[in-house]
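Colleague: I would like a close look at one part of this model, a sheet in chain A. Please take the sheet as the starting point and go on to the surroundings and the partner chain.

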Amino acid sequence: MPERQFRSSIRLCVAIALGLVLSTGIFSAQAQDRELKVGYMKNPIQDASLDIMEKWAKANGVKLTRVPMAYSVFMEKVTTTLTTGNDQFDVIWHNDDWGQLWKKWLETTDDVRGIDNADQWPLLAFWDDEKKLTVVPMAHTVGTFFYRTDLVKPEEVPTTFAQLVSVSQRLQKEGKIKWGYVGGMNMNNTWFSLWWTMWANNCDILKPLFERDNAKLAAAKFEPAVTAPCHREIVEFWWDAINTHKISPPGMTAYGRNEANAIFMAGEAAFTLVDSTHFGEFNDPKRSKIVGKIGMAPFPVGPRAQKPTSWNEIWGWAIPKGVPAERKKLAKEMLSAMMSDEAGQIEMWKKTGGPPPNVKLWPKLAADDKDFAALKHAVFDQTPITHSAYYFAEWPAVHKAYSDMAIAALSGKREDIPKVLAEHVERIQRAATGN
Amino acid sequence: MNEKTRFMLALITPAALVLMLFQIVPILTGANVSFRDWTLHDPKRTWVGLANYVHVLRDVEFLEIVLPNTFGFMFATVALSLLLGLMIALMLNKRFPGRWLVQSFVLLPLMVAPVIAAIMIRWMFNDQFGVVNAALEGLGLAPISWLTQRWTTFLVILLTDVWLWTPWFGLILLAGLQSLPREPFEAARIDAASAWRTFRYITLPMLRPVMVVCIVIRAIDAFRTFDIVWTISGGGPARATEVFSIYAYVESFQFLNLARGSAAAVIGAIIIVIFALLLYRILNRFVEVSK
């Protein structure tokens, strides 16, 4: 190929490439003016909340683009887009588990209309350093004790750990169910077995118990409470539930919520505890054999507690700081519309079991809807003993260290439980301090 | 620069650019991160020297659980896949009716994405709904909670990996077998050598160079296995089946400490480079001796 021809070919290629890049940029910039991209986890509740926003978007000529992601990669992926100042998403799903990690990367939301109607308790994880809010609630995620109404009368529902065992065993003996209680237990599912019983036994992970002020936790050197008697009791409770009383499946230490829900929805267990947001799934005739046979009740309590507790957190939406001002404004308008759409929020509850973010709707909903009344009694009328997570950066490492400890203790001999718990004190403390 | 050289460079440039952008630059970026204070949620980027490396190398879990698990898994999966792959290759090297059908069937696992296979296997070994326990119960045996104990979980992971990779060994070794010269086999037949002696003294020594390449490539790949372990056990129960890549992932993306995860990844890369060079040298010497 002659040199001149070669050079002109290269120039032509470069010119075409530049032209393509520029035209793509121009066209995408034009399209983005009236488009909002939402990064979220594929879940019926989040889709229902997006449906509310879609109504507003259609009415206002805005294109709403849904970008679903798997839970297992969501936090990592979105954290990266936030810290790089990328404006890939205009609105993102936000959760208390990583509320504090994102506080400096998110737009404040105090000026979103309807935010005053949100419950204040679950917002603790979402304040930035200037005490400004960085979230708009989408739905409450509350741990809910579900039972089978066709097997257990309301007055027979267990109110203590001991009754949970005895009622389960009775139902098993009568051949009505294979298992009494089933719940997720492996990493990231710790809430649905170990932790609800921990709080229901007046216990916690770190000392001082129930403290969520990071300064006070640091002053106490993030000392784990896992060797406290209240804590040993709940690990022993689960060891016995699996191995001695056999009310829970032997494989439960490896279960996530999918496995546990599958057993409950197959009609093989009488009780489970999971986020209320699964209520819709349990009542989906395409997936569940127990449709219409599910009741909700307060948590059974352990020997050290006098009254039931609960946890009450939220899922929310947030706006990344890196989003251009025009789109931030548009996103806030959309979230304001979502917060103000009472009919949409009630529809979300009816479709999915996601409790509305506007708490002023709750009394009305409880009066009209027996399921919401049951949830309100089971969860919202009980006083939370503390929040269902800690809100410091090393919390995921603490959670993992705790989970490893609990699973190791439950996989070994019962008499070794105190030893395993003691061995992990230093590991949990190291995880909490980043060492 | 003459025209031939320019033409050659023009051909190489696209591949070199891709390699540079998607391999070299990320590796260098990762290595840079490993020397800094770089969390995913708040990257300060301050230089901390070897602190992250020291942390990983002093981590008891890394030394006493992660590395033994990684090497144990690597040796076991390579050995089993090689053995089964060789058997399949020998079988497919013979003519028999329906050979093409068997060959297609044997290759099926290669066409399944490892994550899909792992999800499938996790449910197959589920203690309540799994087909494996159903079969055990059908035989009058007690069901097993496969994923709650270290060695049963390890076995499930190993079987999955072997199932996925045996066809690859089979395919490569079959190609190796079919390229062997016919004369030594004809001579053995004339000498009335038994099938075993033909295999032991002719097939195996001549196939060794192909086996060496297979072993080295697969060993490197097995060292960095992530998807099936993550999907089946997440490294659990507790950390009992945690391998090197899970350790790096958890540090980087669960604990959000990208610097520490990158340091673990660099340490792993150094280990596998040294190991691969040693393995290649040992196996190559073995081939030379057998010649």
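Modeller: The part to begin with is an open sheet of five strands in chain A, with the order β2-β1-β3-β9-β4 and mixed pairing. At its edges stand β2 (63-69) and β4 (136-141) of chain A, each of which pairs on one side only. On average, neighbouring strands of this sheet are turned by 25° against each other, direction ignored. The model is a predicted one, and every value given here is computed from it.

Within that sheet, strand β3 (residues 91-95) of chain A pairs with strand β9 (residues 313-318) of chain A in the antiparallel sense, over four bridges. One position in this pairing puts two tryptophans face to face in the ladder: Trp93(A) stands opposite Trp317(A) in β9(A). In general, strands of a sheet pair through backbone hydrogen bonds, either parallel or antiparallel.

A helix covers the strands. Helix α2 (residues 44-59) of chain A lies across β1 (35-41), β2, β3, β4 and β9 of chain A. Relative to β2(A), helix α2 of chain A runs at about 165°.

The loop between β3 and β4 of chain A deserves a look as well. The side chains of Lys103(A) and Asp129(A) meet there in a salt bridge, 2.9 Å from N to O. Both residues lie in the loop between β3 and β4 of chain A, so the pair ties together parts that are 26 residues apart in sequence. Over all chains, the structure holds 39 salt bridges.

Chain A also has an open sheet of four strands, in the order β6-β7-β5-β8 and again with mixed pairing. Its edge strands are β6 (179-181) and β8 (294-297) of chain A, each paired on one side only. Here the average turn between neighbouring strands is 30°, direction ignored. Strand β5 (residues 143-148) of chain A and β8(A) pair in the antiparallel sense over four bridges, and Tyr147(A) stands opposite Gly295(A) in β8(A). This sheet has a helix across it too: helix α4 (residues 161-173) of chain A lies across β5, β6 and β7 (269-275) of chain A and runs at about 160° to β6(A).

Some backbone details follow. Most residues other than glycine have a negative phi, and most peptide bonds are trans. The loop between α5 (194-200) and α6 (214-219) of chain A holds Pro208(A), and the peptide bond from Lys207(A) to Pro208(A) is cis, with omega near -10°. Asn202(A) lies in the loop between α5 and α6 of chain A. Its phi is near 60°, a positive value in a residue other than glycine. In chain B, the peptide bond from Gly236(B) to Pro237(B) is cis, with omega near 5°. Pro237(B) is found in the loop between α10 (227-232) and α11 of chain B.

That leads to the partner. Chain B has twelve helices and two strands. From the N terminus on, its elements run α-β-β-α-α-α-α-α-α-α-α-α-α-α. The C-alpha atoms of chain B fill a box of roughly 75 × 75 × 35 Å, taken along the principal axes.

The contact between the chains takes 30 residues from chain B and 40 residues from chain A. Together, chain B and chain A bury about 2800 Å², 53% of it on carbon and sulfur atoms. On the side of chain B, His41(B), Gln128(B) and Phe129(B) lose the most area to chain A, together 20% of what that side buries.

As for polar links, three salt bridges are counted between chain B and chain A. Arg427(A) forms a salt bridge with Glu61(B), with the closest N and O atoms 3.0 Å apart. Across the interface, twelve residue pairs are in polar contact, with both residues at pLDDT 80 or more. The elements that give two or more residues to the side of chain B touching chain A are α1 (3-33), α5 (114-124) and α11 (244-254) of chain B. Of these, α11(B) gives the most, with four residues. By type, the residues on that side of chain B divide into 13 nonpolar, eight polar and nine charged.

Conventions:
Residues numbered from 1 in each chain as written. Chains lettered and ligands numbered in written order. Predicted model: local features only at pLDDT ≥ 70, side-chain atom pairs only at ≥ 80, totals over all residues. Heavy atoms only, no water. Contact = heavy atoms within 4.5 Å. Buried area = accessible area lost by both parts, 1.4 Å probe. Salt bridge = Lys/Arg side-chain N within 4 Å of Asp/Glu carboxyl O. Polar contact = N/O pair within 3.5 Å; in protein donor to acceptor, adjacent residues only side chain to side chain. Nonpolar A, V, L, I, M, F, W, Y, C, P; charged D, E, K, R; others polar. Pairing = 2+ DSSP bridges. Axes fitted to C-alpha atoms, helices over the stretch in contact; angles between N-to-C directions.
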